[in-house]
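Subject: A structure for you to look through

Hello,

Here is the structure I promised you. Please open it beside this email and follow along.

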Amino acid sequence: MPPTALQVDVVAEGLAHPWSLGFLPDGRLLVTERAGRLRVIEPGPDGRPTLRAVPVAGLPPMLVRGQAGLFDVLVDPDFARNGRIFLSYAHGRADANHLRVASARFDGQRLSGLQPLFTSQPAKAGTQHFGGRLLWLPDGTLLLGMGDGNVERTGAQRLDTHLGKLLRIAPDGSVPADNPWRGRPGVRPEIYSLGHRNPQGAALLDGRPYVHEHGARGGDELNRIDAGANYGWPLATGGIDYTYARVTPFRRLPGLRDPLVEWTPSIAPAGMTAYDGALFPHWRGSLFVAALKERSLRRIPMAGGVPGPQEILLHERGVLRLRPATAKPMPPR
């Protein structure tokens with residue numbers, strides 16, 4: 001397929017590591033900055049989108065260092081009635097920190113009624129690999145990505161820690177009754193799936209959750225998520241460590257889920273969204289993945305849960321050179 005011709009309009013500039021967007025019913029946008037600020041983009045005097053100069057007041061204290069800070073913002077489906085949003089952020093000290101999810105009411109200027117809903121356990125040291133992505137599931141529960149903490153990556157295979165997992169909670173912070181390990185002694189009941197390195201993007205397509213995550217040097221993955229499944233990290237991966245040491249001799253093992261897509265060399269996937277609109281019919285049923293290292297937008301057409309050939313978009317915007325990357329569905333066992 002030839003490259004798609006696109007017109008790109010800049011909506012806002014001058015943001016410090018913008019991480020997530022939340023769309024309000026009246027057309028305003030909420031934007032998180034990893035530096036710990038929540039910003040508003042709204043119509044200016046001329047009707048064009050304008051970044052409000054003053055950040056939203058009332059945010060909770062958070063750890064801002066390295067990869068730690070404010071991550072996702074998620075708008076309640078009933079926001080027009082309850083004004084509620086959800087935030088994920090780093091909480092604690094550099095040597096003992098957590099991923100936290102809280103809800104609050106937003107009145108257009110500030111947050112109030114802040115209520116912590118979930119705090120990862122146990123505390124971890126270091127300011128890497130928090131994850132932090134939030135996603136509404138079709139049943140109204142929340143899916144949360146939790147990184148492995150990097151230096152504590154073996155925790156991704158243990159059920160007594162939240163590290164390296166996808167977690168599922170209700171909007172009030174309680175644990176859904178049908179979570180796969182709820183009620184098992186010694187297991188964190190919020191765990192939904194395990195074996196994840198650093199989940200960064202999540203989207204629903206045809207009612208199913210898809211999540212991508214950073215590998216190390218190579219081994220970035222796109223996965224379709226099922227309750228109770230094991231996605232392999234660090235027992236099996238297509239990547240190697242940043243020191244060029246092998247993380248594991250295995251790319252796949254029995255009982256572990258193979259990725260739908262693996263990117264090696266890494267593209268460093270960031271946000272992800274699914275498109276099912278009518279304006280661009282040839283894009284319907286596609287996942288769109290932002291690539292930090294490649295500085296591009298990748299379109300992944302999906303048919304029956306199977307990824308097709310990818311289209312690389314926007315790479316011409318300021319990139320001097322692209323390194324070719326293999327990005328193909330994994331072959332069957």
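Below is what was found, topic by topic.

Keep in mind that this is a predicted model.

**Aromatic pairs**

Start with the rings. There are 7 aromatic pairs in the structure. Take F86 and W136. Their ring centres lie 5.4 Å apart and their planes meet at 90°, so this pair is edge-to-face. An angle over 60 degrees is what earns that label. F86 belongs to strand 6 (residues 84–93), while W136 belongs to strand 9 (residues 131–136), so the pair ties together parts 50 residues apart in sequence. F86 and W136 are both buried.

Now compare F280 and W283. Here the ring centres are 4.8 Å apart and the planes stand at 40°, so the pair counts as tilted. F280 is partly exposed, with 34% relative accessibility. W283 is buried, at a relative accessible area of 10%. The cut-off for buried is under 20%. F280 and W283 also join Y275 and F288 in one aromatic cluster.

**Charges over rings**

Two arginines come next. The charged end of R197 sits over the ring of W233, and its distance from the ring centre is 5.4 Å. R217 lies over the face of Y244, 4.0 Å from the centre of that ring.

**The nonpolar cores**

Which residues touch the most other members of the largest nonpolar core? They are F86 and L144, in a core of 25 residues. Several strands give two or more residues to this core, among them strand 5 (70–75), strand 7 (96–106) and strand 8 (111–119). Strand 10 (142–146) gives two or more as well. In fact, strand 10 supplies the largest share, 3 residues.

Go back to F86 for a moment. Leaving out residues up to four places away in sequence, F86 touches V73, L74, L117, L134, W136 and L142, among others. D72 and P171 are also among the contacts of F86.

There is a second, separate core too. This one has 18 residues, including L70, V75, L87 and L111.

**An open sheet**

Next, look at the strands. An open sheet is formed by 4 strands in the order 9-10-11-12, with antiparallel pairing. Which strands stand at the edges? Strand 9 and strand 12 do, each with a single partner strand, so one side of each has no neighbour in the sheet. On average, neighbouring strands of this sheet are turned by 20° against each other, direction ignored.

Zoom in on the middle of that order. Strand 10 and strand 11 pair over 5 bridges, in the antiparallel sense. One place to look is M146, whose bridge partner in strand 11 is K165.

The loop between strand 10 and strand 11 holds N150. Is N150 buried or exposed? N150 is buried, with a relative accessible area of 17%. Not counting residues up to four places away in sequence, N150 touches Q128, H129 and R197. You met R197 above, over the ring of W233.

**A hairpin and the segment before it**

Now move to the start of the chain. Strand 1 and strand 2 (residues 29–33) pair in the antiparallel sense, again over 5 bridges. F23 has L29 in strand 2 as its bridge partner. The two strands form a hairpin with 5 residues between them. In the turn, G27 has a positive phi of about 95°.

L15 lies in the segment before strand 1 (18–23). L15 is partly exposed, with 22% relative accessibility. Residues up to four places away in sequence aside, L15 touches V31, E33, R39 and L51. L15 and R39 are 24 residues apart along the chain, and their C-alpha atoms are separated by 8.8 Å.

**A glycine in a loop**

Last stop: G238. Where is G238? G238 is in the loop between strand 15 (220–224) and strand 16 (261–264). G238 counts as partly exposed, at 22% relative accessibility. Setting aside residues up to four places away in sequence, G238 touches G218, G219, R251, E262 and T264. The C-alpha atoms of G238 and V73 are 31 Å apart, with their positions 165 residues apart along the chain.

Best wishes

Note on methods:
Residues are numbered from 1 along each chain as its sequence is written. This is a predicted model: local features need pLDDT of at least 70, side-chain atom pairs count only at pLDDT 80 or more; totals for chains, interfaces and linings use all residues. Side-chain values use heavy atoms; hydrogens and water are left out. Rings of Phe, Tyr and Trp (its six-membered ring) pair if their centres lie within 6.5 Å; planes under 30 degrees apart count as stacked, over 60 as edge-to-face and the rest as tilted. Buried means under 20% relative accessible area, exposed over 50%, partly exposed in between (1.4 Å probe, protein chains only). A charge sits over a ring if NZ of Lys or CZ of Arg is within 6 Å of the ring centre and within 35 degrees of the ring normal. Contact means heavy atoms within 4.5 Å. A nonpolar core is a set of buried Ala, Val, Leu, Ile, Met, Phe, Trp, Tyr and Cys residues joined through side-chain atoms within 4.5 Å. Two strands pair if DSSP finds at least two bridges between them. Axes are lines fitted to C-alpha atoms, for helices over the stretch in contact, and angles run from 0 to 180 degrees between N-to-C directions.
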